[in-house]
Amino acid sequence: MEKQHGQMNAPYPGTNLPPEYPPQYPPAALQGPPGYPGYPGPQVGYPGPQAGYPGPHAGYSIPPAGYSGAGPVHFPVQHQPVYNQPGGPAGVPWMPAPPPPSGCPPGLEYLSQIDQILVHQQIELLEVLTGFETNNKYEIKNSFGQRIYFAAEDTDCCTRNCCGASRPFTMRIIDNMGREVITLERPLRCDSCCCPCCLQEIEIHAPPGVPVGYVIQTWHPCLPKFTIQNERREDVLKITGPCVVCSCCADVDFEIKSLDEETIVGKISKQWTGFVREAFTDADNFGIQFPLDLDVKMKAVMLGACFLIDFMFFERSGNSE
């Protein structure tokens, strides 16, 4: 009877341990064999951790965000935007590459999931200060501001400064891996509206060396008009601009239409960027809208049409054209 009474008044009921030897329980992380329900936990009256338990070490490192052991099994890892890739300023995120559709030229898979492109020309300080024409550079982004491509003109100094906005050029467009995925070729042509025998055009290659389409100027006495052709030089779409191409305090829209010009399927817009930038630089911003299900090759051709329109009507700084 006294023995039973002693056990009830002991520091740890149910044991014969002295106060300085608390009972040892297996850790909760031990799960046992499959189907084992687990250890039931400390008995009633267990005092818990001793006072002064230091907790985790101060230098314990937190697993990185992409750590495969963090979160549930098969949980998709969200990759961070890619920065500081070849071409363009640092700190601008690149659009993640989607899976390429069947028959898509390499590098054009980015265009398969978008229906809008933003083209932002970079301001060249040397050109602003001296008037010396430099190679144009552009950032090409989606509607979320993620960079899709970076475009850089490849023209010699003499051609740029002697021929001005009418110059022939090669535009090289690279992706986030630094690969040249699209090449634009503009030959030297007469820019007079009174001479319909030698009109403007641009050829689009994707990848370089493989033509995917053409943009051909269509003669008209009042309106800027263009025809979009596929790689077989078959007419696909039309582009029609306004009678007066003036960007003063408003956007200028070039409508993309069906061949019969009855249906508007998209547009290329020269965006107003403010009086100071418009007056003292030729750095322009454009927006291109087209159907989401349009063939990626034709989307690349629309990009070529945007550059041709920029050089024909908006390349002259300080000009309202």
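Hi everyone. One definition before we start: helices and strands here are DSSP runs, at least four residues for a helix and at least two for a strand, numbered from the N terminus. With that in hand, we can place L111: this residue belongs to the loop between helix 1 (2-8) and strand 1 (116-121). Please keep in mind that we are looking at a predicted model.

Let's stay with L111 for a moment. Is this leucine buried or exposed? Its relative accessible area is 1%, so L111 is buried. Leaving aside residues up to four places away in sequence, L111 touches I117, Y149, V296, K299 and A300. There is also a distance to look at with N142: 31 residues separate L111 and N142 in sequence, and their C-alpha atoms lie 9.1 Å apart in space.

Now, over to strand 6, which covers residues 201-205. Four of its five residues are buried, and therefore the strand is largely enclosed by the rest of the structure. E201 is part of this strand. You may wonder why E201 counts as buried. Its relative accessibility is 17%, and the cut-off for buried is under 20%. Which residues does E201 touch, not counting those up to four places away in sequence? They are R186, P187, R189, V215, I216, R233 and L308.

Who are the partners of strand 6? On one hand there is strand 5, residues 180-186, which pairs with strand 6 in the antiparallel sense over three bridges. If you look along that pairing, you will find E185 opposite E203 of strand 6. On the other hand there is strand 7, residues 211-218, which also runs antiparallel to strand 6 and is joined to it by five bridges. There, H205 has P211 of strand 7 as its bridge partner. Strands 6 and 7 form a hairpin, with five residues between them. In that turn, G209 has a positive phi of about 95°.

Last stop, the cysteines. How many disulfides does the model have? The count is zero. Take C162: the closest cysteine sulfur is in C158, 3.8 Å away, and that is too far for a bond, because a disulfide needs the two sulfur atoms within 2.5 Å. C163 is in no disulfide either; its nearest cysteine sulfur is that of C162, at 6.3 Å. As for accessibility, C162 is exposed, with a relative accessible area of 61%, while C163 is partly exposed, at 34%.

That's my tour. Thanks for listening!

Methods:
Residues numbered from 1 in each chain as written. Predicted model: local features only at pLDDT ≥ 70, side-chain atom pairs only at ≥ 80, totals over all residues. Heavy atoms only, no water. Buried < 20%, exposed > 50% of the residue type's maximum accessible area, 1.4 Å probe, protein only. Contact = heavy atoms within 4.5 Å. Pairing = 2+ DSSP bridges.
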